[in-house]
Amino acid sequence: MTHLMDKAKGFLVEKVAHIKKPEAKLADVDFTHLDVVNPYDHDLPICEISYTFKSADKVIASGTVPDPGSLRANDQTRVDVPIKVPYDFLFSIAKDVGRDWDIDYEIAVGLTVDLPLIGSFTIPLTKKGEVKLPTLSDVF
């Protein structure tokens, strides 16, 4: 019986190792939500979202969002991530703003999903960008 169980485990491990794991990409980043694309034909339940928000190579905010819902199949899903940016952030990025009048940012997100047979794993996502600040000509 043990031999049969070992054979079944080996077969299952081999099959699971070749299953394509889900992928996601950040389609858009806002300071309150993420738009995540799920290319698979089934919903992906999200167990947890962990995030780190950086600007000028400094961690501005980080945290986790437990049980935020699911990513819709073959669709883009907006996931709310309540990132709270502290006020002293403005003082720490003064050099970056003075250099090119924008705020450079990087956000790293981990989507932890739980799938049958595969189990829990984290899909790492990152996005870099810049937020242009308005100039005097934009205001007047």
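How many of the 14 residues of β6 are buried? Keep that question in mind while selecting the elements below; the model is a predicted one.

**Whole chain**

Start with the protein chain coloured by secondary structure. It holds four helices and seven strands. Read from the N terminus, the order is α-β-β-β-β-β-α-α-β-β-α. Of the 140 residues in the chain, 30% are buried. Switch on a surface: the protein chain exposes about 9,400 Å², and 58% of that area comes from carbon and sulfur atoms. If you draw contacts with a separation of 6 or more, 61% of them join residues 24 or more positions apart.

**The four-stranded sheet**

Next select β3 (44–55), β4 (58–71), β6 (102–115) and β7 (119–132). These strands form an open sheet in the order β4-β3-β6-β7, with antiparallel pairing. β4 and β7 are the edge strands; each has a single partner strand, so one side of each lacks a neighbour in the sheet. On average, neighbouring strands of the sheet are turned by 15° against each other, direction ignored.

**β3 with β4**

Keep β3 and β4 and hide the rest. Eleven bridges join this antiparallel pair. Two of the facing positions are worth labelling. Pro45 has Ser70 of β4 as its bridge partner, and Tyr51 stands opposite Gly63 in β4. Then move to the hairpin of these strands, where two residues lie between them. Ala56 in this hairpin has a positive phi near 50°.

**β3 with β6**

Bring β6 back. It pairs with β3 in the antiparallel sense over eight bridges. Tyr51 appears again here: its bridge partner in β6 is Val109. Tyr51 therefore can be used as a marker across the three strands, with Gly63 of β4 opposite it and Val109 of β6 as its bridge partner. Stay with β3 and select Ser55, which lies in that strand. Ser55 counts as buried, at 1% relative accessibility. A polar atom of the Ser55 side chain lies 2.7 Å from the backbone oxygen of Asp104.

**β6 and β7**

Add β7. It runs antiparallel to β6, and 14 bridges join the two strands. Glu106 and its bridge partner in β7, Lys128, are one pair to label. Now return to the opening question by colouring β6 by accessibility. Ten of the 14 residues of β6 are buried, so this strand is largely enclosed by the rest of the structure.

**The nonpolar core**

Nonpolar side chains tend to be buried together in soluble globular proteins. In this model the largest nonpolar core has 23 residues. Show Ile49, Val81, Val109 and Leu111 as sticks; they are the residues with the most contacts inside the core. Elements giving two or more residues to it are β2 (33–38), β3, β4, β6 and β7. The largest share, six residues, comes from β6.

Centre the view on Ile49. Apart from its neighbours within four places in sequence, Ile49 is in contact with Gly63, Thr64, Val65, Pro68, Val79, Val81, Val109, Gly110 and Leu111. Val81, Val109 and Leu111 in that list are also among the core residues with the most contacts.

**Thr77 in β5**

Move on to Thr77, in strand β5. Is Thr77 buried or exposed? Its relative accessible area is 4%, and Thr77 is buried because that value falls under the 20% cut-off. The Thr77 side chain reaches the backbone nitrogen of Arg72 at 2.9 Å. Beyond its neighbours within four places in sequence, the contacts of Thr77 are Leu34, Asp35, Val36, Ser70, Leu71 and Arg72. Ser70, in this contact list, was labelled earlier as the bridge partner of Pro45.

**Val85 in a loop**

Finish at the loop between β5 (75–80) and α2 (89–92), where Val85 is placed. Val85 is partly exposed, with a relative accessible area of 33%. Which residues does Val85 contact, leaving aside its neighbours within four places in sequence? They are Phe53 and Ile60. For a last distance, pick the C-alpha atoms of Val85 and Ser62: they are 9.4 Å apart, with these positions 23 residues apart along the chain counted as separation.

Terms used
Residues are numbered from 1 along each chain as its sequence is written. This is a predicted model: local features need pLDDT of at least 70, side-chain atom pairs count only at pLDDT 80 or more; totals for chains, interfaces and linings use all residues. Side-chain values use heavy atoms; hydrogens and water are left out. Buried means under 20% relative accessible area, exposed over 50%, partly exposed in between (1.4 Å probe, protein chains only). Contact means heavy atoms within 4.5 Å. Accessible areas come from the Shrake-Rupley method with a 1.4 Å probe; for residues, only the protein chains shown count as cover. A nonpolar core is a set of buried Ala, Val, Leu, Ile, Met, Phe, Trp, Tyr and Cys residues joined through side-chain atoms within 4.5 Å. Two strands pair if DSSP finds at least two bridges between them. A polar contact is a pair of N or O atoms within 3.5 Å; within protein, one must be able to donate a hydrogen and the other to accept it, and residues adjacent in sequence count only if both atoms are side-chain atoms. Axes are lines fitted to C-alpha atoms, for helices over the stretch in contact, and angles run from 0 to 180 degrees between N-to-C directions.
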